[in-house]
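Me: Please walk me through this model, one question at a time. Keep it brisk.

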Number of protein chains: 2
Amino acid sequence: MPSHRKKMGRFEKLITFNEAVKKLTSTSWNCIPVEKIDPNDSLGRISANDVVSDVDVPSFNRSAVDGYAVIFSDVSGASEFNPITLDILGEIEAGQSSHHSLETGYSYEIYTGGQIPDKSDSVVMAEDAVRRGDTVEITRPVRKYENVSRSGEDISNGQLIISRGDVIRAQHLASLIAIGHDDVEVFKKVRMGIISTGNEIVPGTGSVKNTTQPLLLNHFQSGYTDTIDLGTVSDVEKELRSTLEKILKEDLQVIVITGGTSLGAKDIVPDVVQEFGSLVFGGVLIKPGRTISIYNVSGVPVFCVSGLPVAALISLEAFYNEFLKHETGLVGSRIRVKARLTERVANRDAKRAYLRVTLKNTEMGVVAEPLRITGSGILSSLLKANGLVVIPENVEGLEENEIVDVTVIGDVV
Amino acid sequence: MPSHRKKMGRFEKLITFNEAVKKLTSTSWNCIPVEKIDPNDSLGRISANDVVSDVDVPSFNRSAVDGYAVIFSDVSGASEFNPITLDILGEIEAGQSSHHSLETGYSYEIYTGGQIPDKSDSVVMAEDAVRRGDTVEITRPVRKYENVSRSGEDISNGQLIISRGDVIRAQHLASLIAIGHDDVEVFKKVRMGIISTGNEIVPGTGSVKNTTQPLLLNHFQSGYTDTIDLGTVSDVEKELRSTLEKILKEDLQVIVITGGTSLGAKDIVPDVVQEFGSLVFGGVLIKPGRTISIYNVSGVPVFCVSGLPVAALISLEAFYNEFLKHETGLVGSRIRVKARLTERVANRDAKRAYLRVTLKNTEMGVVAEPLRITGSGILSSLLKANGLVVIPENVEGLEENEIVDVTVIGDVV
């Protein structure tokens, strides 16, 4: 055997997921920077603050439809056969906040968004009225405040719009614009650099297609994470060392190294990475993905994960989310639902298991069918699965018909 | 009233959602172009074809772990206290497909991804073995094929990887790479131009903040749609006409015009748009969003929707998805789950209603709590709601405890 190879070792001791999370979150990492940006540019970012409205929206009672502003009691008896006729005092445009006023027997023609005149309390929709010159025949009664958007009805002064850690969606940013905020403080996109290692996957000379790299690059790309392809290096220590030296100078908040992290003699990744920083933990009682290690290199977490696609994805997903939750308050990045498990699943080896399931909608609610395939290299299991179920390490299995928490990873049909 | 204003009219006749979908899908629209792209660039695109694997992955039996390739019957009695010693014939690297062979009593040191030698049928994990020079002590038995990824186990020759209309996710594109495909045929991103109309929202002079435009721009932005901000025009016919003339020359597959589409006298949008093309339908029995009209302008669908944020979003979502489903075979763009409705909801006015609900995970599965707010302008209802439930026009309401289909529009906690 070439001299740079060590004998196959063992992980000293695999620790539990919760112990690993504790080690991860009690480490002092470099802060993820925050920035103030235009709400229009904030889609998918993680909010760095709670945002509370300091205004009422709308700021005045306004019409929710095009029609006629009336006093509801004036038209209580109106019908197609007995229309009630009101005089029209004028018209009120959308967004107009001039001060009109009504008396009994009168109405204003009003457009969606127009301010309701004083004393008026409801709006008759245009299709329930027939205009004849300066009068209108109302053919249907309205309830008090019907078709009226009341001041503060949409967003009230003091209302929480976004919490720290929320991922900003279209409705959040539109609400920020509605309350007149020109900027919002968000976390900068986390730059996650991903390196693959392994002679067998080096383009040109390797005999195996590297599917783990594109899987991770695309799975973790999101509104709050930019994944960066840092290429493939062979299993030669020198090459990995020089690559790491180079990328540690770049502006990366997270580094991921795939492959070369299991128990094999050729696993030079741990040897090289620990020259640069300190081990946070190495090896966790999870399956797939137990070989995950995290190093602290100058405050940057270096996630060393399996070269196998599913093991890499599941272990990185678990710990990257915990990292972000701790550093940014990230609330939820994946949808979770409860579902009824269709059959018993055993978990005999005291590891936290990430069970891949197919979620299906049935007449009785959502069910989760466990997939038989559990190999950590089985990429196609991710094509068939649309959910993940965690079985904790101290649980020997899940029962048929048990209600389980499922993290949704694909479309539910 | 200025002369360019018409009197308030009515929609001739609101049609049902299904009738409207039929009119939409029986119109001959310009094809959404397809293109062949690198799978690495295909995240979020809609696949234009079924893709079937023409190879087995892996192409040979390979090790799923680092360890020792053995004949399972050789180590059936192995334990910590009674290890079984095997001679090591050599080592097999990851991805290596050279032809080794075993006999009883022998083993190969093998790395994850390495080809299993002939006659070997299983791999003992490195942590269940202790190497001593050229021999290894096996301390745990294995089952036949344990830790072996068998040829075609991941993806088999003939297996369907992606269907036409699937949105390509990380696992799809990694599978395309695994089967050696250098390109994938996808629909080009749909360019959806969005124009807002209304004097009251014209920046600088208008008194109302335009929240509908950013809401739609961000909600519909996706891996398969690029939304394009075409700005705001006032209610002056001439201005809208010249804007339309200009944008119809651009490469847009969908045009959305918000505002000026309800029943009001100032609703000049329909008048102007029909100078350029023909009405497909105008007004649908849905709430919110009944004022949606679609025009066919030289094969480009022009969606005219309410200026109110929620009405605009819900009606455009409903019909844009139907459009894409018909034109591209789009399977699912939003996750749907079944949930138990927590209270009775009435639907008295024979419209298809889009009920906003809060989905919650409970011990008994997923429940949907209807939101009381139903105004079509109530933006904050989208902050509180994480699901939409459709009540068909011919259904007078939904019962408490009824199992309903919910389209997920936000995080479920």
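Reply: This is a predicted model. Start in chain A, where Tyr68(A) stands opposite Val124(A) in β7(A).

Me: How many bridges join β4(A) to β7(A), and in which sense do the strands run?
Reply: Strand β4 covers residues 67–70 of chain A. The Tyr68(A) and Val124(A) pair stands in this ladder. The two strands are joined by four bridges and run antiparallel.

Me: Which residues of β7(A) point the other way from Ser122(A) and Val124(A)?
Reply: Strand β7 of chain A spans residues 122–125. Ser122(A) and Val124(A) point one way, and all of these residues are buried, on either side. Pointing the other way are Val123(A) and Met125(A).

Me: Which strands are at the edges of the six-stranded sheet of chain A?
Reply: The order is β14-β13-β15-β19-β18-β16 (chain A), an open sheet with mixed pairing. An edge strand pairs on one side only. That picks out β14 (225–233) and β16 (278–282) of chain A.

Me: What is the average twist in that sheet of chain A, from one strand to the next?
Reply: The sheet has six strands and is open. From one strand to the next, the twist averages 20°.

Me: Which residue of β15(A) stands opposite Ser196(A)?
Reply: Strands β13 (190–197) and β15 (254–258) of chain A pair in the parallel sense. Five bridges hold that pairing. The partner of Ser196(A) is Thr258(A).

Me: What angle does α4(A) make with β14(A)?
Reply: Helix α4 of chain A, residues 237–247, packs on the sheet. It touches β13, β14 and β15 of chain A. Its direction and that of β14(A) make an angle of about 150°.

Me: Where does α1(A) lie, and at what angle does it run to β16(A)?
Reply: Helix α1 of chain A covers residues 17–25. It lies across β16 and β18 (293–297) of chain A. Its angle to β16(A) is about 160°.

Me: Now chain B. Why is one side of β14(B) and of β16(B) left without a neighbour in the sheet?
Reply: Chain B has six strands in an open sheet, ordered β14-β13-β15-β19-β18-β16, with mixed pairing. β14 and β16 (278–282) of chain B stand at the edges. One side of each is free because each has a single partner strand.

Me: Which residue of β18(B) stands opposite Phe281(B)?
Reply: β16(B) pairs with β18 (residues 293–297) of chain B in the antiparallel sense. Four bridges make up the pairing. Opposite Phe281(B) stands Ile294(B).

Me: What angle does α3(B) make with β14(B)?
Reply: α3(B) packs on the sheet and touches β13, β14 and β15 of chain B. α4(B) lies across β13, β14 and β15 of chain B as well, running at about 150° to β14(B). For α3(B) the angle with β14(B) is about 165°.

Me: How many residues of α3(B) are buried?
Reply: Helix α3 of chain B runs over residues 212–219 and is largely enclosed by the rest of the structure. Its buried residues pack against elements of chain B, including β13 (190–197) and α6 (309–328), and against α2 (170–178) of chain A. Among those buried are Pro214(B), Leu216(B) and His219(B). The count is eight of the eight.

Me: Is Ala20(B) buried or exposed?
Reply: Ala20(B) sits in helix α1 (residues 17–25) of chain B. Beyond its neighbours within four places in sequence, it contacts Ile15(B), Phe281(B), Val284(B) and Phe319(B). Its relative accessible area is 0%, so Ala20(B) is buried.

Me: What is the class make-up of the contact of α1(B) with α6(B)?
Reply: The axes come within 10 Å and cross at roughly 45°. That makes α1(B) oblique to α6(B). The contact includes Phe17(B) and Ala20(B) of α1(B) and Phe319(B) and Phe323(B) of α6(B). By class, the residues are seven nonpolar, two polar and one charged.

Me: How are α4(B) and α5(B) oriented to each other?
Reply: Helices α4 (237–247) and α5 (268–276) of chain B have axes 10 Å apart. Their crossing is right-handed. The angle is about 40°. α4(B) and α5(B) are therefore oblique.

How values were computed
Residues are numbered from 1 along each chain as its sequence is written. Chains are lettered from A and ligands numbered from 1 in the order in which they are written. This is a predicted model: local features need pLDDT of at least 70, side-chain atom pairs count only at pLDDT 80 or more; totals for chains, interfaces and linings use all residues. Side-chain values use heavy atoms; hydrogens and water are left out. Axes are lines fitted to C-alpha atoms, for helices over the stretch in contact, and angles run from 0 to 180 degrees between N-to-C directions. Angles under 35 degrees count as roughly parallel, over 145 as roughly antiparallel, 65 to 115 as roughly perpendicular and the rest as oblique. A crossing is left-handed if the near helix is turned anticlockwise from the far one by less than a right angle, and right-handed if clockwise. Buried means under 20% relative accessible area, exposed over 50%, partly exposed in between (1.4 Å probe, protein chains only). Contact means heavy atoms within 4.5 Å. Two strands pair if DSSP finds at least two bridges between them. Ala, Val, Leu, Ile, Met, Phe, Trp, Tyr, Cys and Pro count as nonpolar, Asp, Glu, Lys and Arg as charged, and the others, Gly among them, as polar.
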